[in-house]
Amino acid sequence: MNTMKAAVITGVGEVEIQDIPVPELGSKEVLVKIGAASICSWEQRTFIGKQKPGFPFLGGHENAGEVVAVAPDVTMVAVGDRVTLGPTKCGKCRPCLRGQDKACVEHFKYFSLKGGDLGPGGFLEYKVHREDGCFTVGDAPYELACLAEPLSCAVHGVRLMGMKKGDTAVVFGAGPMGLLNAMVLVNAGVDTAIVDMDEERLALARKYGVPRTILSSGDAVDAILSEFPGGVDGVVTAIGSKAVNEQGLKVLQPRGTLCLFASAHPVEPFEIDPNWVHNSEVRIIGAVSADLEDHKRATDMIAAGEIDLTPIMEKTFPLAEAQAAFEYLSAKPSYRVALIP
Ligand SMILES: [Zn+2]
Ligand SMILES: [Zn+2]
């Protein structure tokens with residue numbers, strides 16, 4: 001049996017490079033030689049023990065690579081294709097038929113966010129994926145193509161918000177997910193501002209096309225309202241904090257939409273005046289992960305060069321140095337870091 005290297009989180013603060021078997025291909029499955037796998041905040045939280053999926057844990061759901069083998073019944077991709085790996089779907093259940101396939105039981109089948117399973121993770125040399133979860137990405141370098149998954153989450157959130165050309169929006173937080181949201185909004189023709197307490201992050205956002213940046217010292221409401229008198233049509237909170245969510249509510253236009261994009265650790269409830277929601281007809285929504293169509297759209301944006309993800313990819317490490325990569329990410333606020341097998 002062939003074996004390959006995998007970077008397995010074996011306990012809090014510990015990553016081990018293990019030899020694991022290369023799985024056999026089943027029906028409709030393909031073998032992808034991983035070109036790059038970026039580390040999500042979710043996996044980083046597992047490494048530092050803030051989230052407990054059970055160990056050993058093989059993360060890695062942000063992947064791109066080359067198809068090197070296919071099962072005989074595969075028709076959607078071919079050996080040699082350069083692809084990003086995303087969700088799969090059954091195509092027959094109620095959520096699938098309604099375009100809400102994130103709720104399909106097959107959505108995470110090859111794309112595990114559940115952990116405790118050495119099968120579907122992506123921090124390894126070869127990954128088995130089903131053909132409908134492979135999306136061709138043209139010539140884009142793998143260390144940027146692997147960002148299709150986080151980009152798909154921003155595409156998903158902006159789509160659920162219903163943002164369109166000519167709208168105005170503000171994004172709280174200029175970390176990787178905030179910046180991706182701002183880039184997707186700008187790409188959609190939305191007049192967008194991004195708020196952060198770190199001028200360096202704002203300068204990077206400006207450099208990559210976000211037209212308005214607001215340096216906050218804790219409360220950005222007045223500054224936002226002076227940029228956008230009367231408020232904005234959309235607010236994305238890419239920081240999970242009570243104070244940020246409450247500021248978001250204060251800068252919403254009537255009929256505006258607040259998207260709670262970030263999860264909160266720890267959970268911090270915030271207050272909403274029901275009469276204000278009633279009278280101003282605002283919407284407060286959540287967004288996490290993506291439907292298959294969002295992943296396809298994100299991959300197409302990368303393939304076509306519609307969006308420049310260079311600022312998101314901060315650093316790459318060889319797979320063998322996964323321990324150092326997780327430590328690097330845990331030492332300071334970072335953009336994305338990718339493992340290269
Ligand atoms: Zn992710
Ligand atoms: Zn389904």
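**Two zinc sites and a helix crossing: a short tour**

Let me start with one cysteine: Cys93 has a relative accessibility of 23%, so it counts as partly exposed. For that scale, buried means under 20% relative accessible area, exposed means over 50%, and partly exposed is in between, with a 1.4 Å probe and protein chains only.

Before we go on, a word about the model. This is a predicted model, in which local features need pLDDT of at least 70 and side-chain atom pairs count only at pLDDT 80 or more, while totals for chains, interfaces and linings use all residues. Residues are numbered from 1 along each chain as its sequence is written, chains are lettered from A and ligands numbered from 1 in the order in which they are written, and side-chain values use heavy atoms, with hydrogens and water left out.

Back to Cys93. What does Cys93 (SG) help to coordinate? The zinc ion (ligand 2), together with Cys90 (SG), Cys96 (SG) and Cys104 (SG), at 2.3 to 2.4 Å. Donors here are N, O and S atoms within 2.8 Å of the metal (3.2 Å for Na, K and Ca), and water is not among the atoms, so sites may look incomplete. Along the chain, these donors follow the spacing C-x2-C-x2-C-x7-C. Cys96, at 7% relative accessibility, counts as buried.

The angles subtended by the 4 donor atoms around ligand 2 run from 102 to 117 degrees, so the arrangement is tetrahedral. Four donors count as tetrahedral if all angles lie between 85 and 135 degrees; four count as square planar and six as octahedral if opposite donors are over 155 degrees apart and all others between 65 and 115; anything else is irregular. As a reference, the ideal angle for four tetrahedral donors is 109.5 degrees.

Now the other zinc. The zinc ion (ligand 1) has as protein donors Cys40 (SG), His61 (NE2), Glu62 (OE) and Glu149 (OE), lying 2.1 to 2.6 Å from it. Their spacing along the chain is C-x20-H-E-x86-E. Here the 4 donor atoms subtend angles of 86 to 168 degrees, which makes this arrangement irregular. His61 sits in the loop between α1 (41–47) and β4 (62–70), and Glu149 in helix α4, so the pair ties together parts that are 88 residues apart in sequence. Helices (H or I, at least four residues) and strands (E, at least two) are DSSP runs, numbered from the N terminus. Are these two donors buried or exposed? His61 counts as buried at 4% relative accessibility, and Glu149 is buried too, at 7%.

Let's follow Glu149 into its helix. The axes of α4 (residues 148–161) and α10 (residues 292–303) come within 8 Å and cross at roughly 115 degrees. Those axes are lines fitted to C-alpha atoms, for helices over the stretch in contact, and angles run from 0 to 180 degrees between N-to-C directions. Residues of α4 that meet α10 include Glu149, Leu151 and Val155, and among those they meet in α10 are His295, Met301 and Ile302. Contact means heavy atoms within 4.5 Å.

Just past α10, we come to Ile307, in the loop between α10 and β14 (313–318). Ile307 has a relative accessible area of 10%, so it is buried. Leaving aside neighbours within four places in sequence, Ile307 is in contact with Leu151, Met183, Val184, Met301 and Ile302. Leu151 takes us back to the α4 side of the crossing.

Met183, one of those partners, is found in helix α5 (residues 176–187). With a relative accessible area of 5%, Met183 is buried. Again setting aside neighbours within four places, Met183 is in contact with Tyr208, Ile307, Asp308 and Pro311.

To finish, here are some backbone details to look for on the screen. A cis peptide bond joins His265 and Pro266, with omega about 0 degrees; Pro266 is in the loop between β12 (252–260) and α9 (274–280). Arg255 is not a glycine, yet it has a positive phi of about 65 degrees. Arg255 lies in strand β12 and counts as exposed at 64% relative accessibility. Ser289 also has a positive phi, near 60 degrees, and is placed in the loop between β13 (283–286) and α10. At 11% relative accessibility, Ser289 counts as buried.

Thanks for listening!
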